[in-house]
Amino acid sequence: MNQTLVSYLSQYEFFDVLLSLFGKNEGLLAFTIYLVFAGIIVGLCATIGGLGTYAERKISADIQQRIGPNRVGPYGILQFLADGVKMITKEDIMPFTADKFLFYLAPMLALIGVFSTLAVLPWSNGFIMADLNVGIFYLIAISSLVGVSVFLGGYASNSKWSMLGGLRGASQIISYEIPVTISILSITLLAGGMSFGTILGQQEGAPVHWFLFHNPFAFIAFFVYFVGALAETNRAPFDLPEAESELVSGYHTEYTGMRFGFFALAEYIEVFVVCGVGSALFLGGGNLPFSTTFDIIPLQLVQVVIFMTKTLLLYYVVIWVRWTFPRLRVDQLMSICWKYLTPIAIFNLVGNAVWVVVFHGKSIAELLSGGH
Amino acid sequence: MSLTSYLLISLVLFVIGLVVMISRKNIVAILLGIELILNAAALNFVAYSRFVTNNLDGHVFSLFIIVVAAAEAAVGLAIVIRFFQIKETIHIDEATQLRN
Amino acid sequence: MFVQLLFLLSASLTIGCAIAVAVTKNIMHSCIFLLGSLIGIAGLYATLGADFVAVTQIMVYVGGIVILMLFAVMLTGGKDFVSRAQNLLGLAPSMGNKWTYGVGLSVGLVFLLTNVKLILSISEYFPEKKFGNEFPSTVTQIGHLLVKDHVLAFELSSVLLLGALVGAAIIARPRKQ
Amino acid sequence: MIPAQFDGLMPIVILMGIAILLFVGGHFLSVVLSPKKPSHLKQTPYECGEQPVGSAWSAFNVRFYVVGLIFIIFDVESVLMFPVAAIFRELNDMGEGAYALIIFLSFISVLLEGIAYCWKKGDLDWVKSFQVSVKNNK
């Protein structure tokens, strides 16, 4: 059964007060709650995306021993607001050869694809807007809209750089979806379900219960997932679709102003989402480091903080990787995906299946403690 | 929201798919029509599974329809690409080598 | 209320985009409208309580087939083909002439009307079922069906896909000239 | 009252609506605030200062299609594996672990055959055609 935010909140007393305030109209109340939370989450993610651009520049400056942005606000922290204002007030240029309809549609598809994934992102085990039965599967599926939007963005511009970037981007995103999907499949196999509630419920308590440490195959699966997720979000060292030294700016060469801003926003939120999924699937998500049956709202907020910490740490690693490794060539990109990651991911899947059958789904920690 | 409404949608979708297949001369567009028709069939299966039977066999059938549609699209588009390499066009009227 | 709204939204998206597929001249736009239509069908599946099938629809069609079609359009000349493409209003049926077109249309109309008559009476026999509040996960049931009742189809589908992969790769592989 | 399984659909629809509203709103804002001085030169596609020759919409290399082809087959197979993986532990607890494992492994082995075939035939090599032509020239 799908657990949702509303069904979670309905166990508290203030829900009844709210319900009477809405004249016993549960549908309207649910709609309002979802709307408010969706607004909060989108605002939060947009801020994180904006701060992501700032963090990226600041960290890269740190790595390259520069100062980085330091003019707008204290330590330049308001830089992303200045960038946003600049993007809104930029002139909107569209090539006269462009396919106008698709040119408008592409950034919108990217936004829809990324925002829809936020519905199932588990901030804590109560604050998850919709804990669908098909949670993680839904997330993979709907985020493939981004691949379509990258291709369309490249196609619609009718510029050679954009076209090359779009084709490369689409083929890269779909290729790396395979190792990512198969890694997630092995976690589904270990957890016995696709909903984030089930997956997080299996990892409660100390870090040894995380799926990362469940068995050696799951440990490898995390790295396959992470590398695949880097490539799927077009992050360096897999940023070939927007390689500035060869393709100018890739699929969004011709995009200016607000539409470029939407592409960038979608990309940064997507990085956040894949980091969040990584931390929920492998690193225990927002689970407290001890088991408790006690459940109040402040404890949930602590969980949100834990989840955000893990996710932002992964986010930091993503940025760190970007400024450490050189970019790959296209042939290396494809051979890494199909000749290394996919066979390794399939091997992990088989290993996990055998592990579940042989050890009855027990993790290493359980086996060790059971042995005593 | 009854079975009727789903069947009507499925019927309309099927007819539109048929019209696309008949009226377009681009082979890729004909494949688009086939996808619409397959989807109409799959929608019927799920609707019947919800309203008529009490099990999920209809869902499994739709799953297999989607699988077959993927295989069909892969092979069909490969044929289209090969056809284009030979004939330099994907006009359906150019596919006349088997005539006579 | 919400489910009805979702149904109306999905149904109008499905039918509207399907009509757009039929009447758009540009094949690239047709592919995108097909994508809209397929997402609408996923919404319809969701209103039927078939969450797994809905997500599969999005995953396979949006993530796979539509991208493949976009690639194929690009590989076969892309925009250049648009000028030669025939649409519904161009009145150039690919099979037969205007006369056969007219006969086909009238026969189709009769067929459609009888079908509609048939379909409209069907809900008297199968009244609408209310969803129970606790709903068993379709994923678990589909999994059990796949490994028990439909295990042969499940295994054979992998063989089918292997055949499709090998066949399509042979056909599409670039050749040395 | 919304049935439980539709309750989860509402946030998805709301988020999609927010995405569309954000797009439209951002567009509206940029239309109001941004300058409008179009010129022919500004609106030509960027090609590093050169005059663009021809359209970018031309036929591309078929390798992209082969990659998409391998992808879609794997995609569909992983879709079919998801429900089986989700009940794998349940089957194992029911004592049918070996049966489930055999089904699962035979499915995956067919998948592996596919990737092995493509690997052998060189569909996974991005620069295969280049290497062939170098060999022929020697």
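Let me begin with a single residue, Arg82(B): setting aside neighbours within four places in sequence, Arg82(B) is in contact with Ile171(C) and Ala172(C). Please bear in mind throughout that this is a predicted model. Arg82(B) is found in helix 3 of chain B, which covers residues 57-87. Is Arg82(B) buried or exposed? The answer falls in between: Arg82(B) counts as partly exposed, because 17 C-beta neighbours lie inside 10 Å, whereas a buried residue needs 20 or more.

I now turn to chain D. Its secondary structure comes to six helices and zero strands, so that part of the description is brief under the DSSP assignment used here. Read along the sequence, the pattern of chain D is α-α-α-α-α-α. Chain D has 138 residues, and 44% of them count as buried.

The main subject today is the meeting of chain A and chain D. Here 76 residues of chain A are in contact with 62 residues of chain D. Which elements of chain A give two or more residues to this side? They are helix 1 (5-9), helix 3 (26-63), helix 4 (79-89), helix 5 (100-117), helix 8 (160-191), helix 12 (257-282) and helix 14 (330-359). Helix 14 of chain A provides the largest share, 14 residues. By class, the side of chain A that touches chain D divides into 46 nonpolar, 22 polar and eight charged residues.

Within this interface, I should like to examine one helix pair. A packed pair of helices is described by the angle between the two axes and by the distance between them. For helix 5 of chain A and helix 2 of chain D, residues 9-33, the angle is about 145° and the axes are 8 Å apart. The crossing of helix 5 of chain A with helix 2 of chain D is right-handed.

Which residues meet in this pair? Helix 5 of chain A contributes Pro107(A), Met108(A), Leu111(A), Ile112(A), Phe115(A) and Ser116(A). From helix 2 of chain D come Ile12(D), Leu15(D), Met16(D), Ile18(D), Ala19(D), Ile20(D), Leu22(D) and Phe23(D). Taken by class, this contact has 13 nonpolar residues, one polar residue and no charged residues.

I close with another part of chain A, helix 2, which spans residues 13-21. How many of its nine residues are buried? The count is zero, and helix 2 of chain A is hardly covered. Just after this helix, Gly23(A) takes a positive phi of about 65°.

Note on methods: Residues numbered from 1 in each chain as written. Chains lettered and ligands numbered in written order. Predicted model: local features only at pLDDT ≥ 70, side-chain atom pairs only at ≥ 80, totals over all residues. Contact = placed C-beta atoms within 7 Å. Helix = DSSP H or I, 4+ residues; strand = E, 2+ residues; numbered from the N terminus. Nonpolar A, V, L, I, M, F, W, Y, C, P; charged D, E, K, R; others polar. Buried ≥ 20, exposed ≤ 12 C-beta atoms within 10 Å, placed from the backbone. Axes fitted to C-alpha atoms, helices over the stretch in contact; angles between N-to-C directions. Left-handed = near helix turned anticlockwise from the far one by under 90°.
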